[in-house]
Each structure stands twice: as structure tokens, then as C-alpha cells.
There are 2 protein chains.
Amino acid sequence: MPKANSWLSKKKKMWSDNKVTHLYLLLVCFMFALHANSVSVERSTYIIHTDISSMPKTFTSLQQWHSSIIDSLRPTNTPFSDGHHSSPALAYSYENAAHGFSAILSQQELETLKKFPGFVSAYSDKNVTLDTTHTPEFLSLNVVSGLWPASNYGEDVIVGIIDTGVWPESDSYKDYGMKAIPARWKGTCESGQEFDSSLCNLKLIGARYFNKGIVAANPGVNISMNSARDTQGHGTHTSSTVAGNYVSDVSFFGYAKGTARGLAPRARLAMYKVIFDEGRYASDVLAGMDQAIADGVNVISISMGFDGVPLYEDPIAVASFAAMEKGVVVSSSAGNAGPPLGTLHNGIPWVLTVAAGTIDRSFAGTITLGNGQTIVGWTMFPASAFVENVPLVYNKIYSACNSSKLLSEAPTDAIIVCEETGFLEDQLNLISASNFRGAIFVSKDTELFELGGVSCPGVVISPEDAPAVLNYAKIGNRSFASIKFQQTVLGTKPAPAVAFYTSRGPSPSYPGILKPDVMAPGSLVLAAWFPHDYTAQIGSNVLLSSDYTMISGTSMACPHASGVAALLKGAHPEWSAAAIRSAMMTTANPLDNTLNPIRDNGLNFTIASPLAMGAGQVDPNRALDPGLIYDATPQDYVNLLCAMNFTKNQILAITRSNSYSCSSPSADLNYPSFIALYNNETASYVQTFNRTVTNVAEGAATYKATVTAPKGSTVVVSPEKLVFEKKYEKQSYTLTIKYTKDDEENVSFGALVWIEESGKFTVRSPIAVSPFLTSV
Amino acid sequence: MPKANSWLSKKKKMWSDNKVTHLYLLLVCFMFALHANSVSVERSTYIIHTDISSMPKTFTSLQQWHSSIIDSLRPTNTPFSDGHHSSPALAYSYENAAHGFSAILSQQELETLKKFPGFVSAYSDKNVTLDTTHTPEFLSLNVVSGLWPASNYGEDVIVGIIDTGVWPESDSYKDYGMKAIPARWKGTCESGQEFDSSLCNLKLIGARYFNKGIVAANPGVNISMNSARDTQGHGTHTSSTVAGNYVSDVSFFGYAKGTARGLAPRARLAMYKVIFDEGRYASDVLAGMDQAIADGVNVISISMGFDGVPLYEDPIAVASFAAMEKGVVVSSSAGNAGPPLGTLHNGIPWVLTVAAGTIDRSFAGTITLGNGQTIVGWTMFPASAFVENVPLVYNKIYSACNSSKLLSEAPTDAIIVCEETGFLEDQLNLISASNFRGAIFVSKDTELFELGGVSCPGVVISPEDAPAVLNYAKIGNRSFASIKFQQTVLGTKPAPAVAFYTSRGPSPSYPGILKPDVMAPGSLVLAAWFPHDYTAQIGSNVLLSSDYTMISGTSMACPHASGVAALLKGAHPEWSAAAIRSAMMTTANPLDNTLNPIRDNGLNFTIASPLAMGAGQVDPNRALDPGLIYDATPQDYVNLLCAMNFTKNQILAITRSNSYSCSSPSADLNYPSFIALYNNETASYVQTFNRTVTNVAEGAATYKATVTAPKGSTVVVSPEKLVFEKKYEKQSYTLTIKYTKDDEENVSFGALVWIEESGKFTVRSPIAVSPFLTSV
């Protein structure tokens, strides 16, 4: 049962580590409970990568092989499995996303297994961290021109969502207007507890669930929703953001009213539920991605990530390599651990890593003072509160709004004016627990404006607007005001801004590639929700549920990018995952709607660095026709892996195949961005990057380089002119950067922009100079 | 500013005398304030009826004549008017609804005026008492057959609403689908404060306002909204109930969701605002009706009435006589002073008097107990409260729910179970001021279910359902429950029932005619509202506004009947007002949806008498084709007036014309119902009624009489068979009732039903035997 606390209510709008901590605690409890009945040998879940080339010819499938391996570990006369780890047991056999399996093993059994021919690597199962409809307009998507019509709204594209499941009854999954399912689709809708396969339709074309990893880690656990049905809302929100159908008259308690739809409103959705109330395990994530690839999805959207793991033990990195090989775009969330540097997850060279930004929309309450003055403040109070000609209370006794005892003595048939104290959260909580008719707070708390949550009929005004209210309220007993709630203001400036919480690069798992790649809307995104949760609160006791909710996080940004990727896949079915990512990056917008550089809400509104937002805000219509692309083949990524300090088997865990060569190791991946790192050892550096660009526009084109060097650096591009005579022609260039260590460990940044002579195309790559942070 | 109190909030849902008392107080305040500045001669407003035949030929208009009368009262050298009663002044000249004027006069000036040729009568201005969308379905209106298609949804009919004004921006007044305004329309849209004539359209075709009576009574008063704009909501609600256009997706905070529309969704509306925040005066009401008749309305809907006035001093009675002469149906509300007998207003022989009933709809919350049991209770808590698996608190300390001190010590993260104590209102107030997550009350409080208003997340269950909850809750700490709000249950039985508050006959102004005439839905009617008021409440401080609201009263029943009358006028433009009323009465349904006699919520659910509901629930489709009608001509009504103990001038005030003859006085009006009265003087009575019915069906028809005699009476009908050879043929019969006085002053009742041989038509008239209550 949720705690009736407004701040808690506010906090829960972001999928943060709080939730994860809670789940850990839950797991610890489960484990204690179960240990009493468990047998003496301690077993736990491992993910084991195998070399398919070592599979004995007697086996006709990986699954058969893997079963035999586990069987061989089992002493004779042991019961096959009693569900309580009394013997080794196979959880999943992975064939697509990885070659390998997950199994419940003792330490000793693991050691035995390591000696088997074909063993590549093994690591413990681990927990994943989960990282929403004006956004299509904000991203300039429209029915007249550009990516929507060009892609037929994503109709032929299938997006696999790796998440908490789906609430299939949501209007966002209705399939009106949808045509037959693409013939290549091999996926299915699995029936399970409270989820009949008939819940699927031409929109929701697949629904599967994976929890063997949970069961393995918690033998005897009761999976409370053993189906693809969502019991957390997250998967319903992300999937409806990617490809929800059109639903009219949607709002969040009167705010953000309009027609809800996903970024790719005609694309198909397949849900792979890997997160359950009982746990969130790597082995299940890997199983979900494995199946998504086998089913034939075009895009995988995964709003979660593993922190502090090397690429070869990161199931998303492993599985997305296989996806990339098949041309499947994997779009992932950067994480919500910002603003410190080096906090990012999913910084995987072959996936799209998405940062979160704000939307040009704010939720407002209009205050009309008795003197006729009007002030627009911020609020998301979830009801049509009627506050008309109500007296203002403003005096030194009450207006610090920091004592429930003092506040309980104030007249409540009034609007309390709370002064700026720097403790807005506490003031909101106190006033929510009181009985005032209304409240006016003074603050510019970015977190509140990005996360929402106001459970008293109050409005937050800026310190700039405060004097008008305070001076009028000072007149005492004769002062009064009205407040109108449920107002939505569009065109808020500046927007976007980098969300304060978005995780920042460099990527711990590989800092040599500039991550994140792009930014997409992530703060207060409106999308579908499930009914068994509260989404807003009034006072200290009235919790409210809703069919649609606004929540914040890179988890909400990722599905925006996934939707754009799906549209691009629809418009350019022949493009590789790297080409789609390149198009999104080189056309991304580094400017906000004031035409100034995008600012960072997490770093005191300073200009955002590429380590916060990648190349900038994704710009779908421009991405449709990027001019040039930076492509990369599977072998290019292998060359990168070979340049890392990985063992052969660590690489094989990712590549699954010995047919790749490690003869040309290269850390210089053909990536549409540049990062130069410094450490404490030397004071000046030179780094040269080689890049090859492919002309994807029709006919000949000539481009010239324009460089903005990062502060304290010089950048040389050679040649400075690229001449293409036809489509698909490739040209190469080098970019050399001379830079020095910054003693204050600041990040400096610039950009290389290739400008096509006619001005039709500008192909921009961010350049960052960053301290090298310890990698995993 | 409204008081934040849930019971007050609940009470305000009904337009009752509370509101009037408040206005009286307000007026008293105004008068005190103004007396300080007033001159020594006391003047006040009088309504004066004049005899048009006495108007000197030198005058070309009544207005000119009336002005000259007032001028002659004014001493020479007196300023014309300074707005402060320093000299006599004309307020209105009435030409249509009455022949006369209202004027501010001193007692002495009034005496002078009485000696003028043409003076008929004079009386002091007085205050009027003010008395919605599944109801069309409940009344069986449908697009396939019956009155809606037959009347073209009222398209050619104009309904004048005498009320508090209109909020023209409401979606209910949008004119999509509306054709050109009928050419005969002479009305207009007057611009005024915050009301531009451009706000009118093909739906809202007229808007006028009348407040000279207020200004006369309160010289110097500032009319805060000097236009037809509604500042009280009442007029917006009633007019949208009559003829609001189709508006989809309307609800009252999630309850009663659906498409809102009036009973006559294509009829035209003209608003005559006669009630202002500053007062509600007979002189203004008369002016509004005067203008409505002049403008050419077909139906006047007037949800207000004057209590304790004789017909000749009741502006509604006076004006509606003129309306009736022109074939305009006047539909009025019976009042909200029930259940005592003799409380009815608007019991005027030539108007339709409408009682209020309940609707077959209830608003529910479903409780699911931890043991799986499900109980549906009553609630209108105005939000999607999330109450899932919350512990129940049920113990002797808290569960009387009668002490805020005790309750403050209970755990609030819980559902409090409140035992039935007979003080539901108090319990609701206490719990609303507390912080429980939810509440369960036990009661069968009819008033709550008819008026609504629950400001805590609670549900009221019946005493029958209580044991299931209480026995389960007894198990203590382990008991928990979920509650789902915002549920609407249709088909509630039994329905309709007579609303507890509806005023009962006999009519004090003329008990010899059985009143009310019919019943229509009046409890918790959903219709349009205005934004500057609260319509619901959460807790003790959060007031909520809404575009549509559910309120209760005969004020809400009247516009239902007005809408049906408009549809009948559309279908039968040749029918007189009496014919339309007759059709509505003789086809009204005395049975509820269990096919048992309609019960009376105000009288302990006993079978409702005709003094509560008239002939029964209005049945629009049957009224379209009633078989027979009881018609009446203006002279018939004059004959009735002549039979009353009225002076010539009292009659002339109503009839405005000496061309009527008083040669055939008769108390035996050709009315479609019968009332026999007894007093204390004698113990047994015989009364004979003469009636004439007109065949309005096509061709020949034969009817036979079936009588159910009131208890303790014998009824003889002669002849018992009526044979009609063609349409419009008339036949007469007599009904003789022998009855005795009931010592307990009970009302007994029965009916005469004329049944057409084929069974196609049944023409029913209620018969009541009632104590004679003192008339005004």
C-alpha cells in the first residue's frame, strides 16, 4: 500500500534508485524467509556464455546441449528439481541475443562447468535499474510533411518493448485504423495469469513474459502476476509512448489535455515483460531480448540499464550486439543518476543511448489578486479547485510555512502565502496536510517543475513574480485573491533543457565513445497507465488513480527516440542500426526554442555539454533526410572490442561467433561524435579520429567543414571539403584535436559541422573534451 | 465566498428557502445601508394593474399612459428622478403578460393612484422563490420512434426561460446542427455587462434582463452583473435541461458520464433573466414574462414560484393567463417545500405544475473486502480515489464516528467503518475533516441519495449489506478492503419515486384543481453550470468547480416537462396549452420500473398520492398520441375565476380585458384530473364533475370507463361508454364521487381510465380525496 505522503508521491514519478532499493529490500526479505527451508548447498543464478562451434554434433539444438551440460552436473539419484535449488537447473537457453544459458548452480558446479569445452564466460545474475502527449508536436512531427507521412506512421515496423509488461485494456492499444500484421512476424501473444492471448490485436501483436531468473534466485517464490500484464505501469507508459494509437480527450487531471498517441502511432508493439514485482534480473532481460530478436522486431526499446558492469557481462550490450547484426535498432535510456559525470548506463557502442530533456509545456495556475494583477505560477494540483476571492494570509508568524503547529492556528478559509525558504518540499508537505483553501509558494525548484506533484491547491510562483504578491498581501485583512487551476501553457521557453536527473557520460563501460547519443523529451511525459496505482494526491489522505499519467525519466525519453527510430526504419528499411542512429545524431538540434544553446537544468542552467545531451534534441523530420551518414558494420564493432582490454572469451560472449577477426583492432569507431579524454598523467594531448561518411542523398553533393573547437583546444579537419558524385558514395576525413588537461576537470565542447553547399544539409557532430573517469 | 463545509455543500445542491432567507437578509442589509441616505418620504415598489379600456384616446401606447399617470403624481419642481425615491417613478409598463405597470410610490401616492380611471388593482412587489443527462433515456425518448423524431427534436419551437440568466459559453448552447431561426421570432439578444449580443446564436436566440424592480426596491444598488449573464448557475442548468445541444463526454467528476443534451435538443432558447444576486422581485418576473410573450415564445419554463399569494397578485398566474390566451404553454415548478400537504406554489389552473421525482440511476462505489466479497454502496465522492487493499478500522472506540477528538487518534492510513447511528450528515462531516484513506457508512438516508454530496472518499452501504462488512471487519488487524469510486449504476429500482422535497397539493391558491399535474425527473439532474461556483468538495478545504453539475429540485423537474411540452408543440403546433397539458397528464405513468405504484420518498416509501406527483411520471412518447384530450378555452378559465370569491378588478388584473363574460361562473373546469375536498364541517359529501373530451386520434373510436375509487368513496361515471365517429369530435360525461371526511386527514386516491376498445389508448385521470387546507 502506498504511503500517503505528498513528497513521496512526487518522488515516485521518477523511476529512480529508490524503487530499486525497495525491491532489493523486498528480495532480502524473500531470501530470509526461504532460507529456512533451503538445503545446505548454496546455489545461485549464473549467466554462462558458450561457444556454439564447440557444440558436439550429436546435439541438434543449443537448448539440448545446454540441458545436457546441466544434467551432467547433477549427481545421479538426485531428484530432477524440486524448485528449491537442491540440484543444478537450467533457467534459459539463449540462442539469438547471446549464445549461452542461465542456470542455478553452486560455486562448485560453476567451477566444473568452466572446464567444459565451449565454455566462454560466466557471471552472476544481477538486477536491472529501470530508468511520457504533446511531444510529437514539440518534435515537429506533423501530418503534412516529414517523417510521419514518409514512414506511413511506422505501419510496417515492429517495436519490441523490454519492460514491466503491458495493461492491454488501455485505449492506447486499441487497433482501429491498423492493417494486417506484417507477414514476417514470428512472435506471439502468450496467455498467462489474467492475460488472455485474445487481448492482443493488430496494435499489440506480441506479449511474452520471462521470470525464470526470478524463480531461480527465489525458489518457491509466488509470481503474483505470471503473465505479460503490467503491475507497475512503466511498460504501459513506455510502450504507449513509442506507438500508442490515437486516443482523444486525454489529460492528467485536466492538465496536458489533448489527443494522446505514440511517436509512431501506426507501428506495432510487442511486449517482453522481464520485470516483475518479485524481481528484475539480467537473465530474464537477456531472455526477453533473445526472444524479441527471434520474433523479428525492427526496434527494441529498453528503458532500463545495468550499472557498473563491463560490456561482456551486460545483457543489454550482449543482446543488442546480436540485434545490431540483424539490423535491429536498440534504443536505451541513459539512466537517472545525473547530474554527476560518469553516471550513465547503456553507454554501449552499438546501441542508441538516450538522454532526457524537458518539454515546452508547463502546468499553470493563474493567480488574480484583488488589485486586478494576474500572475501565472506553476502547479499540477490534480483537481478543478475553486478558489475565488479568498483572503490572503501573509505574515511573519505563518509565512515561513515550516511549522505545522503554527499553521494549525492560522485561519484556514484563506490562501496562505509561503515565503521562499529553500525548503519547498517541506512547505508543500506541511500545507498539503493543512486545510487552507489555497496556497502560494515562492521558488524556482527545477526538480518540482520536472517531476510534478502538488497535493494542496497551491501555485508556485517565481522569485521575480513574488514582490507583486507579497506587496499586495501585506495590506493585510483586506487582501484577497483567486486561483485558477488546470491550465496548460505551451511554448514554454527555454525548451528543451537537459533534465536535471539525466545520467551523464562519459560511459563507464566504454568512455572512448561519446555518450549519450541524443536527447529526447523525458520530463512530465503523458502516456498510458494502469489502474492499480495512484498517480496524484489531494491533501494527506486522498490518493487518485488515472488512465494516463505524467512521469519523468530517461525511461520516458528512450521510447521517444525508439519511436523516431521506428519511423526512420519505416521510411528507410534498408538502413543499418548505425545509419539510423547517425541520422538521428547528425541532425539533432543543439539549440532550444530561443535559438540559444540548450541549457542544463542539473548544472545551474549553464550551456549543456554533449556528455549531458549527446548531439542535442532529436529532430525527426531532419533525420529523415540527413545528407550523410556514419555507418558501421558488425566487424567495425568487433575491431573496437578487439582494441579493448578484453579476453577472447569476453569478446566471444558478445559476438557469439568466432568468424569475426581480431586482426584490425581499432578504438577509432566510425562514430558520428568525438570525445577526447584526459587524465592526470600528462598535460597535453593530440588525438586523431578517422571517419568515413556515406552520401545518402540523391545525386552529387559537396560539403565543407565548419569547426567550433572546444575551449582550450585546436581542431583540424582534413580534407575540409568532401565531394560526392553520387548516392552511397563514401568519403573519409580525419579530425585532429590538440587539447590539454583542465585542472578543474571541466568538460569543454564544440562541434564539427559538414555543410552541404546549397545549405540543404548540415551534418553536425559534437566534440567533447572530458576527464577520463575510471571505467568498469 | 462559500463556506467550506460538506453538509452546506450538500444542502446547496437544492434551491431551497435557505437561499431565499439569505437573500432576504441581504436585502435587509441593503435597506439599512440605504435608509441613511434616503429622503423622508417612504416609497416602495407596487405592481398596478390597469384597465386598458380606460386609457384616454390621446395616448398611443400603454407605456405613454402609464408614464403620464406617474408624472401626474409628481409635484411640480421635483427633479425627475435621482434614483433615490425622492419622487414617484415608473419601473415597467406591462403590455403582454399583464396590463399595468410597476412603480416606486409612497403610500399616499398609491392612494391617489387608486382613484385614477382605469385602476384595477395594486399590490406590493414581492420576492420569488427559486425551486439533468440520462433523463431523456429514462423518459424513453429515442431517435427511432416517438416524440423526438415526430417533433424534429423541437426544432421549430422557442422556449423562453424565466430564470437567473445564462452562461452563454457553455458547450450546451453551441448551435451546430441548428437551422435558421423561425421567422416569427421578434426577440433579441441584449448586450450588457460582460454579455455581448454576439454570444447568441442559432440555439440561444434571445437574452434579456430585467432588474428595475430590484433597483426600485434598493435605490442606488449596484447590479453586479447587469446583463443576461448567469451568476448563480440556476438558469444555465434549467435552460440546458430544456434544450441544451448535444455535448459528448460530459460527467460530474466521473459520475453520470455520457452525452449531455436537453429534452428538446433542437429547440431554441431565449433567456429572460429576472433574478440577480441583488434580488428577485415579482415586478421583474412579470416584466420578463411580458417580454417573452411579446417576443413570440411557444413555451415558458419558469422554475420559481410565489408562496402565499392569491392568483391575482401572483405575477406568474397573471402573466401565464396572457400566455395561455396566445397558446403559449407555461411550465412551472411545484416548489421544494415537501413533504407536508398544501405546500405547493404555482398551483395555477392555466399552467402546468411539475413535481419532482427520482431517476433510475445511482452513483456507486464498489467495496471489495479482503475475503473477496463485493458490496456496492452509494457515493458521489468527486475524484478517482485510489483505495486498494487498505486496512479496515472497526471498533467500539472510533466507529460511532461522532467525535473528532477520538477520530484524530485513530490510524488514518485506513478505511474507517462507521456504524449506523442515524446521524449520517454529522458522520460525513467529521470524516471529511479527518485524514482517513477511505470510509464506509451505514444508512438509508434518502436525502443524501437525492441531493448528493460526499466529500470524503467514502461509500454509504445499506443496513442490509452492513453485516457482511461489519462481520468481516471484526476480524481486526488482518481485515482490509478496496473501494472503487466513480461508478454509475443505471436501472436502479424502484424508479421513479416522488422526491422527498417536492411540494405537495392541494394548491393554496386554488385547491379545487388537483395539483401538481405531472412528475418529471428532478433529483440529481446533470446539466450545464457556470464556472464561478463550487459544485463539489474534497475534505474540508478543497472546493471544486465543474462545467456540468448534478443538482436537485422541482426547478430541475420543471424544465424536463417544459422540454416535453416543446416537443409536443413541435409535433402538434395546433394544440392549445390545455391540450398539451392534458396529453402529458392523461398519458403519465403512475407505475415505477418495477410496475408497482410509484412510491413517495418523503412519506416513508408509501404509495405516492396525486397530491405529490399529479397524474404520474411524464411519458413523452405516449403524450404524442393521447387519444383524447381535455381542452379548455380562455373563457373556461374566466368562468372558473368568476366562480371564485374574486372582485371584478381582481379578475381584470388577470384577464386584462372586459370582453370576457362572467355570466357562467363555474368551479368545474374541464380538467384532466379530479379532486374532492372535505373539511371539518360535514362527514359526507357528493360532488359531480362535468367533463368533455375531444378525440384527437384519426377516425372513429370507442372508449369505456374503468374506475378505481379512492378508499372510502364510491365513484360513478356516466355514460360509461363514449363513442366518437371522427377526429375532433367531443363527448361529455359526468363523474360523481360520494366520499366522507377522514378523521386522520389522510389523502385517498384512485383513477378514472378511459380505455379505447382496441387497447391503443388509455386516458387516465387521477382522483384524489383530500382535506381542504386553508387557501390564500
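**Two chains and how they meet**

Analyst: In this predicted model, 100% of the interface residues of chain A are also interface residues in chain B, so the copies meet through the same surface.

User: What rotation superposes chain A on chain B?

Analyst: A rotation of 180° with 0.0 Å of shift along its axis does so, with an RMSD of 0.1 Å, where the fit is by least squares on the C-alpha atoms of residues with pLDDT of at least 70 in both. That is the relation of a two-fold axis.

User: How many residues are in contact there, and what area is buried?

Analyst: On chain A 31 residues are in contact with 31 residues of chain B, contact meaning heavy atoms within 4.5 Å. The buried area is about 2,400 Å², with 55% of it from carbon and sulfur atoms; this is the accessible area (1.4 Å probe) that two parts lose on being put together, summed over both.

User: Which elements of chain A give two or more residues to that side?

Analyst: Those are β19 (386–393) and β27 (542–544) of chain A, and β19(A) gives the largest share, five residues. Strands here are DSSP runs (E, at least two residues), numbered from the N terminus.

User: Switching to chain B, which way do the residues of β13 point?

Analyst: In strand β13 (residues 299–302) of chain B, B:Val299 and B:Ser301 point one way while B:Ile300 and B:Ile302 point the other way, and all are buried, that is, under 20% relative accessible area (1.4 Å probe, protein chains only). In a regular strand the side chains alternate between the two faces of the sheet.

User: Which residues stand opposite B:Ser301?

Analyst: B:Ile161 stands opposite B:Ser301, and in β15(B) the bridge partner of B:Ser301 is B:Ser331. Strand β6 (residues 158–163) of chain B pairs with β13(B) in the parallel sense over four bridges, and four bridges also join β13(B) to the parallel strand β15 (residues 329–333) of chain B; pairing requires that DSSP finds at least two bridges between two strands.

User: And A:Tyr173, is that buried or exposed?

Analyst: A:Tyr173 counts as buried, at 1% relative accessibility, and its place is in the loop between β6 (158–163) and β7 (204–209) of chain A. Leaving aside neighbours within four places in sequence, its contacts include A:Trp167, A:Lys203 and A:Leu269. A:Leu269 is 96 residues from A:Tyr173 in sequence, yet their C-alpha atoms are 8.7 Å apart in space.

User: How are residues and chains labelled, and what do the values use?

Analyst: Residues are numbered from 1 along each chain as its sequence is written, and chains are lettered from A and ligands numbered from 1 in the order in which they are written. Side-chain values use heavy atoms, leaving out hydrogens and water, while local features need pLDDT of at least 70, side-chain atom pairs count only at pLDDT 80 or more, and totals for chains, interfaces and linings use all residues.

Key:
Buried < 20%, exposed > 50% of the residue type's maximum accessible area, 1.4 Å probe, protein only.
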